[in-house]
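Please look over the chain below and describe how its parts fit together. A short report with one table will do.

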Amino acid sequence: MRTPIVAGNWKMHKTVGDTVKFVKEFRSVVKDVTGVEIVIAPPFIAVHAAVEAARNSNIGVSAQDLYWERQGAFTGEVSAAMIAEAGAEYVIIGHSERRTLFGETDAMVNKKVAAAFGAGLTPIVCIGETLDQRERNETYAVLDRQIKGGLDGVTADQLAQLVVAYEPVWAIGTGRNATPAQAGEAHAHIRKRLQGWFGADAADRCHVIYGGSVKPDNIAELVRHPDVDGALVGGASLEVGAFAEIVFRTRA
C-alpha cells in the first residue's frame, strides 16, 4: 500500500526567517503524525535553512524547480547537484506556472527529470489540463502527451520512486477544485497509462497526488479515491494550522 504524500509548494512566499519560524512551529504540531509523508517546498534561498530547521523530524524538503545542466553559464538557474547539496530530497518539476508563465515544455520537463534522478532527488512531476482543454474533452489526450513526453526514458524502477502530481490548471489558485469524481477519474486514467507504459508493479508503486485549491475541508474526500495518493498544496500550505489539518486528514 502506498503511503500518502502531502507536499506544500510555497511558490514565491516566505523569507529565510519566515521559513525557519514556520518549520519550527509546524514540526511540533505534526511530530507524532504517522501514515503520511510530509514535504515542504520553500523558495531556493530557504531550502538549506528549511533542511536544518526540519532536521530529525518527519518533514522532508523539496526545491520548486531545477535546471538540467550540472553547471555553466546559465544565469539565475540552480542545478540538481546544488539542490541535493543543500539537503533537499525532492524537486518539483513541470508545475503549470513554469509551463504557462515561463514556456516550459514536455521536453524540458524530461531533461529535468533525468537531472533530478542523476542527483539522487525524487521528482514531483506535475501534469494537468487547462480549462479550454477540459471543455474540448482533451483532458486525457493532454495527460497522455505530458506523461509520455515528460517521462520518456524513465525506467520502471525510477517510475516507482517518483511522484506524479495531477493539477488541473483551471483549479490552481482559483478557489475551484476538481470534484472528487473528476479527480478520481483523472487519477485512474493516469494510473492506467503508467501501467501500460511502465508495467503494473512500477505503476502501483508510483505515487499520484492531486493539486489544485486543496484545503482542509476537501482533502479527506479527495484522497478517499484509491488512486489519489495525497496532495500538492499551494496557498493552504503557507499557514501552519491549515497545512497541519490537511496532513491530519490525509493519513492512511
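Is β7 mostly covered or mostly exposed, and how many of its residues are buried? β7 is mostly covered, and five of its five residues are buried. The model is a predicted one.

**The barrel**

Start with the sheet. Eight strands form a closed barrel, in the order β1-β2-β3-β4-β5-β6-β7-β8, and their pairing is parallel. Between neighbouring strands of this sheet, the average turn is 25°, direction ignored. Strands of a sheet pair through backbone hydrogen bonds, in either the parallel or the antiparallel sense.

β7 shows the pattern on both of its sides. With strand β6 (residues 163-166), β7 pairs in the parallel sense over four bridges. Val164 has Val208 in β7 as its bridge partner. With strand β8 (residues 230-233), strand β7 (residues 207-211) also pairs in the parallel sense, over two bridges. Here Gly211 stands opposite Leu232 in β8.

Helix α2 packs on the sheet, where it touches β2 and β3 (59-63). The direction of α2 makes about 175° with that of β3.

Now the side chains of β7. In a regular strand, side chains alternate between the two faces of the sheet. In β7, His207, Ile209 and Gly211 point one way. Val208 and Tyr210 point the other way. All of these residues are buried.

**Salt bridges**

How many salt bridges does a search of the whole structure find? The search finds 17. Three of them are set out here.

| Salt bridge | N to O distance |
|---|---|
| Asp32 and Lys31 | 3.2 Å |
| Arg99 and Asp106 | 2.7 Å |
| Asp229 and Arg191 | 2.7 Å |

Their settings are as follows. Asp32 has a relative accessible area of 62%, so Asp32 is exposed. Lys31 is exposed too, because its relative accessible area is 56%. Both lie over the 50% cut-off for exposed residues. Arg99 and Asp106, in contrast, are both buried.

The third pair, Asp229 and Arg191, meets through the side chains in a salt bridge. This pair links distant parts of the chain, 38 residues apart. Asp229 is in the loop between α11 (219-222) and β8. Arg191 is in helix α9 (residues 180-198). Asp229 counts as buried because its relative accessible area is 5%. For Arg191 the value is 3%, so Arg191 is buried as well. Salt bridges with shared partners join Arg2, Arg191, Asp227 and Asp229 into one network.

**A buried aspartate in α7**

Another acidic residue is worth a look. Asp144 lies in helix α7 (residues 139-150). Its relative accessible area is 15%, under the 20% cut-off, so Asp144 is buried. Which residues is Asp144 in contact with, leaving aside its neighbours within four places in sequence? They are His189, Arg193 and Trp197.

**Loops and surface**

Two loop residues have a positive phi without being glycine. Phi of Asn56 is near 60°. Asn56 sits in the loop between α2 and β3. With 76% relative accessibility, Asn56 counts as exposed.

Phi of Ser213 is near 55°. The loop between β7 and α11 holds Ser213. Is Ser213 buried or exposed? Ser213 counts as buried, because its relative accessibility is 13%.

The surface also carries a nonpolar patch, formed by Val16, Phe44 and Ile45. Together these residues have about 280 Å² of accessible area. Phe44 lies in the loop between β2 (37-41) and α2 (47-54). Why does Phe44 count as partly exposed? Its relative accessibility is 36%, and partly exposed covers the range between the 20% and 50% cut-offs.

**In brief**

The predicted model has a closed barrel of eight strands with parallel pairing. Five of the five residues of β7 are buried. Salt bridges occur in exposed settings, as with Asp32 and Lys31, and in buried ones, as with Arg99 and Asp106. A nonpolar patch on the surface includes Phe44.

Definitions and conventions. Residues are numbered from 1 along each chain as its sequence is written. This is a predicted model: local features need pLDDT of at least 70, side-chain atom pairs count only at pLDDT 80 or more; totals for chains, interfaces and linings use all residues. Side-chain values use heavy atoms; hydrogens and water are left out. Patches are made of residues with over 30% relative accessible area and no salt bridge: like charges are joined within 9 Å, nonpolar side chains (Val, Leu, Ile, Met, Phe, Trp, Tyr) within 5 Å. Accessible areas come from the Shrake-Rupley method with a 1.4 Å probe; for residues, only the protein chains shown count as cover. A salt bridge is a side-chain nitrogen of Lys or Arg within 4 Å of a carboxyl oxygen of Asp or Glu. Buried means under 20% relative accessible area, exposed over 50%, partly exposed in between (1.4 Å probe, protein chains only). Two strands pair if DSSP finds at least two bridges between them. Axes are lines fitted to C-alpha atoms, for helices over the stretch in contact, and angles run from 0 to 180 degrees between N-to-C directions. Contact means heavy atoms within 4.5 Å.
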